[in-house]
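Q: Hi! I'm new to this one and would like a friendly walk through it. Can you put it up so we can look together?

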Amino acid sequence: MTAGEMQSHAPEVTPLTERPEPRRRFALPSPDGLSVRLLVLTVVFTLSVVGLIIVPSAASFQERWLMDRLQAAELASVGVEALPYSAVEDTTAEQLLSIGGVQSVVVGEQGVRRLLLQAPNLPRAPELIDLRQRNVGARLLDPWKTLFGHPDRSLRVQAAPRYRSGDLIEILAPAQPLKKELATFLRNNLAVALIIGEF
């Protein structure tokens with residue numbers, strides 16, 4: 001066999017072509033165990049602050065807000081009743097009794113209720129909060145009912161009088177002003193709790 005025949009029968013060798021490398025998928029770096037533990041501890045601490053500090057603080061804030069208006073209405077009622085009837089005009093008495101946005105004032109003594117400031121017509125029945133007898137659950141729940149309650153919600157608040165004789169002092173007040181102040185109070189406290197949790 002000649003050299004030419006051998007060359008013609010030789011298998012053709014095709015050059016190897018480089019295969020394109022597969023595209024690498026973008027993968028997020030997996031967090032290490034220490035980072036996860038720190039994140040869990042931060043979340044647990046924040047929730048603990050919310051449960052142990054913010055919830056009771058919200059209840060105390062709402063109770064103080066209501067008591068301030070009760071006492072202001074009670075003092076105004078003492079002042080109105082101490083003056084001769086002819087010395088106080090009806091509009092002046094209403095202005096004194098409606099301090100703090102109070103819409104109605106009632107005093108009770110020996111089972112007899114006496115209306116000092118007439119309540120307006122309300123779109124919804126007011127919700128009763130009796131500060132003389134309250135369990136812990138209702139006290140902690142009331143602020144959240146205020147935050148997420150209806151915009152037309154009103155509060156009928158009763159307490160024992162401090163500056164006058166009688167069995168009770170009762171006021172009627174819209175819940176919307178309390179809702180705004182309570183929301184601001186909670187935002188500030190939550191911001192402080194988050195800052196503390198970061199450290």
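Q: Let's start with Q62. Which helix is Q62 found in?
A: Q62 is part of helix α2. One thing to keep in mind from the start is that this is a predicted model.

Q: Okay. Is Q62 buried or exposed?
A: Buried. Its relative accessibility is 2%, and the cut-off for buried is under 20%, so Q62 counts as buried.

Q: What does the side chain of Q62 make a polar contact with?
A: With the side chain of T146, at 2.8 Å.

Q: And T146, is that residue buried or exposed?
A: T146 is buried. It sits in helix α4, which spans residues 136-147, and D142, P143 and L147 of that helix are buried as well.

Q: How are the buried residues of α4 arranged, seen down the axis?
A: They fall within an arc of 135°, so they line one face of the helix.

Q: What caps the N-terminal end of α4?
A: That's N135. A side-chain oxygen of N135 lies 3.3 Å from the backbone nitrogen of G137.

Q: New topic: holes. How many cavities of 30 Å³ or more turn up in the whole structure?
A: The search finds one. The largest cavity holds about 30 Å³ of space.

Q: Which residues line the largest cavity?
A: The lining is A59, Q62, E63, L66, R134, R139, D142 and P143. So our friend Q62 is back, and D142 and P143 are two of the buried residues of α4.

Q: Which helices supply at least two residues of that lining?
A: Both α2, residues 33-82, and α4 do. The largest share comes from α2, with four residues.

Q: What's the mix by class in the lining?
A: Four of the lining residues are charged, three are nonpolar and one is polar.

Q: Let's talk about the core. How many residues are in the largest nonpolar core?
A: There are 26. L66 and V105 have the most contacts inside this core, and L66 also belongs to the lining of the largest cavity.

Q: Which elements supply at least two residues each to this core?
A: They are α2, β1 (104-109), β4 (154-159), β5 (168-174) and α5 (176-198). Helix α2 gives the most, with eight residues.

Q: Where do nonpolar side chains tend to be in soluble globular proteins?
A: As a general tendency, they are buried together.

Q: Can we zoom out a bit? How many helices and strands are there in the protein?
A: Five helices and five strands. Along the sequence they follow the pattern α-α-α-β-β-β-α-β-β-α.

Q: And what percentage of the residues is buried?
A: Buried residues account for 29% of the 199 residues in the protein.

Q: Let me pick another spot. Where is R164?
A: R164 is in the loop between β4 and β5.

Q: Is R164 buried or exposed?
A: R164 counts as buried, at 17% relative accessibility. The side chain of R164 also makes a polar contact of 3.0 Å with the side chain of S77.

Q: Last one: what about Q95, buried or exposed?
A: Q95 is exposed, with a relative accessible area of 58%. It lies in helix α3, residues 90-97.

Q: How far apart are Q95 and A76 in sequence and in space?
A: They are 19 residues apart in sequence, and their C-alpha atoms are 9.3 Å apart in space.

Terms used:
Residues numbered from 1 in each chain as written. Predicted model: local features only at pLDDT ≥ 70, side-chain atom pairs only at ≥ 80, totals over all residues. Heavy atoms only, no water. Buried < 20%, exposed > 50% of the residue type's maximum accessible area, 1.4 Å probe, protein only. Arc of directions from axis to C-beta. Polar contact = N/O pair within 3.5 Å; in protein donor to acceptor, adjacent residues only side chain to side chain. 1 Å grid on protein atoms, 1.4 Å probe; cavity = no way out; pocket = protein on both sides within 12 Å on 5 of 7 lines; lining within 4 Å. Points joined across faces, edges and corners; volume = space filled by probe spheres on them. Nonpolar A, V, L, I, M, F, W, Y, C, P; charged D, E, K, R; others polar. Core = buried A, V, L, I, M, F, W, Y, C linked by side-chain atoms within 4.5 Å.
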